[in-house]
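Reader: I would like to go through a protein model and ask what its labels mean. Please give the cut-offs as we go.

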Amino acid sequence: MTLTYTLDPVADRALRDGVLALWADVSNAGGAVGFVPPVTEDDIRPELVRHFAGMAEGRIRLLVGRDDDGRIAATAFFAFNGHRLMTHWAWLYTVMVHPRLQGRGTGRELMAAVAEAARGFDGIDAIRLGCRGGLGLEDFYASCGYKEVGRVPGAIRVADGDDRDDITMLLPLR
């Protein structure tokens, strides 16, 4: 299934509710998107409010993928650097594909849409993202053209006794 991607969708209740539902479904399926299951939409809402506040301030942009029924099925947030020496690259985070679409090429489609969107951002030469070790995410991102450029062992504590590497990946755009 090919999704329809929109950069900077209108930040209304439907967007909020759709992203919350996606984030809960991805988290509860074991996705590495900042939460550990089980979580509810109420657990996620404060973080989404911070994302939306950044969007309103122009520091964050959102790419949304909708399925044929108009449901939000994929997201990626871009965050721009405030540091004057690092404004030439953007962070990518909260990259999600609904569990029902995983394993069908939708993740690669999302990452291609991410790169295309970022190439349209003034002054952005690269995308950096962080991912949680132990899930093979670095292999997926590498297959999409990203290169591992850093790793901090045990920096992410998923649970007591379950520490994972924090891996930084980079995609040059030019």
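Reader: Which strands does helix α3 lie across?

Author: Helix α3 (residues 106–119) lies across β1, β2, β3, β4, β5 and β7. The angle to β4 is about 155°. Axes are lines fitted to C-alpha atoms, for helices over the stretch in contact, and angles run from 0 to 180 degrees between N-to-C directions. Contact means heavy atoms within 4.5 Å. The model is predicted: local features need pLDDT of at least 70, side-chain atom pairs count only at pLDDT 80 or more, and totals for chains, interfaces and linings use all residues. Residues are numbered from 1 along each chain as its sequence is written, and side-chain values use heavy atoms, with hydrogens and water left out.

Reader: What makes up the secondary structure of the chain?

Author: Four helices and seven strands. Helices (H or I, at least four residues) and strands (E, at least two) are DSSP runs, numbered from the N terminus. Along the sequence the pattern reads β-α-α-β-β-β-α-β-α-β-β.

Reader: Why is the chain called as compact as a globular protein of its length?

Author: The radius of gyration, taken over C-alpha atoms, is set against the globule rule, 2.2 Å times the number of residues to the power 0.38. For 174 residues the rule gives 16 Å and the chain has 15 Å, which is close, so the chain is as compact as a globular protein of that length. Along the principal axes, the C-alpha atoms fill a box of roughly 45 × 40 × 30 Å.

Reader: How do you know that β5 and β7 are joined?

Author: Two strands pair if DSSP finds at least two bridges between them. Seven bridges join β5 (residues 126–132) to β7 (residues 162–172), so by that definition they pair; the two run antiparallel. One of the partnerships is Arg-132 with Asp-166 in β7. Eight bridges join β6 (residues 147–159) to β7, also antiparallel, and Glu-148 has Met-169 as its partner in β7.

Reader: What is the order of the strands in the sheet, and why do β1 and β6 stand at the edges?

Author: The open sheet has the order β1-β2-β3-β4-β5-β7-β6, with mixed pairing. β1 (4–7) and β6 each have a single partner strand, so one side of each is left without a neighbour in the sheet. From one strand to the next the twist averages 25°. Helix α2 (residues 41–57) packs on the sheet, touching β2, β3 (72–80) and β4 (89–97).

Reader: What makes the largest pocket a pocket, and how much space lies in it?

Author: On a 1 Å grid over the protein atoms alone, a cavity is a set of points where a 1.4 Å probe fits but cannot get out, whereas a pocket is an open set with protein on both sides within 12 Å along at least five of seven lines. About 910 Å³ of space lies in the largest pocket; grid points are joined across faces, edges and corners, and a volume is the space filled by probe spheres set on the points. Lining residues have an atom within 4 Å of a point. The largest pocket has 37 of them, with Ala-32, Val-33, Val-95, Leu-137 and Tyr-141 nearest its centre. The largest share, seven residues, comes from β4.

Reader: What is notable about Asp-8 and the bond from Pro-37 to Pro-38?

Author: Most residues other than glycine have a negative phi, and most peptide bonds are trans. Asp-8, in the loop between β1 and α1, has a positive phi near 60°. The bond from Pro-37 to Pro-38 is cis, with omega near 0°, and Pro-38 is in the loop between α1 and α2.
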